[in-house]
Amino acid sequence: MIVRQAVKHNIWGRQFAADRHKVRENEEDALVPQDPIPSVSKTLADFVASSSWANVEAQSGEARRSILNFFATALGSARDPVVMAAMRTLAPFSGAGTSTVIGHSQPMDALCASFLNAISANLLDFDDTHPETIIHPAAPVAAAIFALAETRNLSGREVLTAFILGVDVECRIGNAVSPRHYARGWHITSTCGIFGAAAACAKLLGLPAEGIANAIGIAASQSAGNVENLPSAAKNVSVGNAARNGLFAALLAQQGYEAAPGAIEGPLGWARTMGDEPDLFRLFDGLGKRWEIAKNTYKPYPAGIVFHSVIDACLLLRERIDRNVDQIEFVTVQGSALLLARGDRPVNNERDARVSIHHCVACGLLLGAAGVTEFANETVVRPDIVQLRQKVRAALDAQMPAGAARVTLRLLSGEVLTETVVSPRGSQAAPLSDRDLEEKLRDGVRTGQSDWDADRVIDAVWRFDTSDDAGHLLRSLRPALAARDTSSN
């Protein structure tokens with residue numbers, strides 16, 4: 001059960017909260033003009049512009065965990081055909097190679113690198129997750145600010161500050177339009193991630209509040225991505241665009257481009273054209289006091305987060321039947337409408353498998369594992385996997401919370417076994433440890449067939465806040481430069 005705790009409103013949320021709960025005592029009050037809806041762009045920009053390392057330092061540990069996970073997932077996809085195809089497409093049009101492409105030695109310009117690093121971080125459905133919105137916060141924001149940082153002399157603390165603020169912006173805007181925005185078919189990581197990238201990059205560029213507001217407003221004109229494309233590489237295009245276009249929005253604002261103050265909340269603004277009127281109370285409540293990055297979670301399995309309870313339940317059941325999977329007559333998976341809508345689907349390829357109840361069951365029961373290899377195409381087409389998937393049935397249990405699952409096995413003997421998981425491994429109730437994330441990165445280097453040094457990346461992320469030149473630190477991770485640094489010592 002989710003319990004919402006009331007919190008004291010701070011300077012940004014107090015006035016709006018008071019207006020929101022104003023009670024008209026008589027009919028004459030109805031004739032008094034009401035305060036205008038506050039500009040989302042301006043309010044968030046004021047917050048971003050006025051925030052410093054001192055304001056966010058307490059969140060820096062979680063920020064580094066999120067960045068470590070970002071590198072783990074990007075390295076795991078470094079040589080994926082989708083990433084390589086995107087590199088071949090962009091290479092002829094890239095400008096001067098200023099920014100690192102994670103898992104590779106050859107840099108590209110900042111806009112291209114931000115696109116590539118965002119798609120690689122998001123490709124395997126293995127990235128971080130903000131539970132309230134299902135936004136994957138790091139890919140669009142980290143990809144953009146790291147690409148920008150390599151073009152300027154910025155400290156690790158400046159970059160971490162921008163990252164934390166960018167995550168707060170994207171997730172708060174996501175809070176304001178959830179859950180209907182996603183339910184209407186908008187891919188929320190893409191559509192909201194661009195706002196975080198724009199705000200974070202504008203912060204790194206040193207723009208004043210007016211410039212940051214314009215960057216956020218410009219981002220509103222470039223926000224896109226739909227859920228229908230999730231089983232295809234087109235999904236990753238919109239995540240890459242969120243990073244690249246967020247950086248682009250900030251660069252345009254730096255050159256004096258302007259945007260409407262109501263670009264998000266206006267009558268014909270982003271929120272209403274892509275869903276419903278935004279809930280500004282959810283957007284502003286606790287701004288600067290309660291940080292969205294503190295809610296971030298990290299996946300132990302490269303699959304949609306709503307399927308993690310299915311996997312955990314099946315791993316438990318596998319041990320209860322002593323791995324005698326051939327004794328299973330059929331499997332029933334019960335869960336929320338979201339679980340069924342996302343995962344009760346046929347499996348034709350590895351992308352389908354990552355959002356499939358049936359394949360997640362097969363991984364847990366038959367293979368006893370659910371890593372990158374278990375969702376790869378050669379596993380997806382195995383006859384024994386296909387056969388077990390055919391025994392799986394999905395059923396709605398409207399009483400179960402999103403993210404929970406009940407898995408029931410009926411054995412050939414007639415025996416029935418059930419496991420219910422509400423808080424899967426990796427959730428806020430059962431978080432991955434720092435060591436788990438480090439091992440995830442090492443696995444990413446192996447599965448992504450990268451020649452990057454895993455321990456060098458891990459060390460760089462943990463000491464990121466002590467770096468005087470974040471760009472140099474990022475460049476030093478490229479194998480060619482790393483070898484040169486080592487030989488000069």
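A residue counts as exposed when its relative accessible area is over 50%, and the legends below, which describe close-up views of a predicted model, begin with two loop residues to which this cut-off applies.

**View 1. Glu258 and Ser221, two residues in loops that flank helix α12.** Glu258 is placed in the loop between α12 and α13 (270–273), and because its relative accessible area is 63%, Glu258 is classed as exposed. Apart from residues up to four places away in sequence, Glu258 touches Asn214 and Ile218. The C-alpha atom of Glu258 is separated by 58 Å from that of Arg318, a residue 60 places away along the chain. Ser221 belongs to the loop between α11 (209–220) and α12 (234–254), and with a relative accessible area of 70% Ser221 is likewise exposed. Between the C-alpha atoms of Ser221 and Ala263, which are 42 residues apart along the chain, the separation is 8.2 Å.

**View 2. The crossing of helices α8 and α10.** The axes of α8 (residues 156–177) and α10 (residues 188–204) come within 7 Å and cross at roughly 145 degrees, and the crossing is right-handed. On the α8 side the contact includes Val159, Ala162, Leu165, Val169 and Ile173, while α10 contributes, among others, Ile188, Cys192, Phe195, Ala199 and Leu204. Sorted by class, the residues in this contact are eleven nonpolar, five polar and three charged.

**View 3. An aromatic pair between helices α4 and α7.** Six aromatic pairs are found in the whole structure, and one of them joins Phe70 and Phe146 in an edge-to-face arrangement, with 5.9 Å from centre to centre and 65 degrees between the planes. Phe70 lies in α4 (residues 60–76) and Phe146 in α7 (residues 138–149), so this pair ties together parts that are 76 residues apart in sequence. Both Phe70 and Phe146 are buried, and together with Phe71 and Phe464 they form one aromatic cluster.

**View 4. The four-stranded sheet and the helices that lie against it.** The sheet is open, with its strands in the order β2-β1-β3-β4 and with mixed pairing. Its edges are formed by β2 (392–396) and β4 (416–421), each of which pairs on one side only, and neighbouring strands are turned against each other by 20 degrees on average, direction ignored. Strands β1 (residues 328–335) and β3 (residues 405–411) pair in the antiparallel sense over seven bridges, and Phe330 stands opposite Arg410 in β3. Helix α18 (residues 357–367) packs on the sheet, where it touches β1, β2 and β3, and its direction makes about 125 degrees with that of β1. Helix α15 (residues 308–320) lies across β1, β3 and β4, and runs at about 140 degrees to β4.

**View 5. The hairpin of β3 and β4, with the two faces of β4.** Strands β3 and β4 pair in the antiparallel sense over six bridges, and Arg406 has Thr420 in β4 as its bridge partner. Four residues lie between the two strands of this hairpin, in which Gly414 takes a positive phi near 95 degrees. In a regular strand the side chains alternate between the two faces of the sheet. In β4, the covered face carries Leu417, Glu419 and Val421, whereas the uncovered face carries Val416, Thr418 and Thr420.

Conventions:
Residues are numbered from 1 along each chain as its sequence is written. This is a predicted model: local features need pLDDT of at least 70, side-chain atom pairs count only at pLDDT 80 or more; totals for chains, interfaces and linings use all residues. Side-chain values use heavy atoms; hydrogens and water are left out. Axes are lines fitted to C-alpha atoms, for helices over the stretch in contact, and angles run from 0 to 180 degrees between N-to-C directions. A crossing is left-handed if the near helix is turned anticlockwise from the far one by less than a right angle, and right-handed if clockwise. Contact means heavy atoms within 4.5 Å. Ala, Val, Leu, Ile, Met, Phe, Trp, Tyr, Cys and Pro count as nonpolar, Asp, Glu, Lys and Arg as charged, and the others, Gly among them, as polar. Two strands pair if DSSP finds at least two bridges between them. Rings of Phe, Tyr and Trp (its six-membered ring) pair if their centres lie within 6.5 Å; planes under 30 degrees apart count as stacked, over 60 as edge-to-face and the rest as tilted. Buried means under 20% relative accessible area, exposed over 50%, partly exposed in between (1.4 Å probe, protein chains only).
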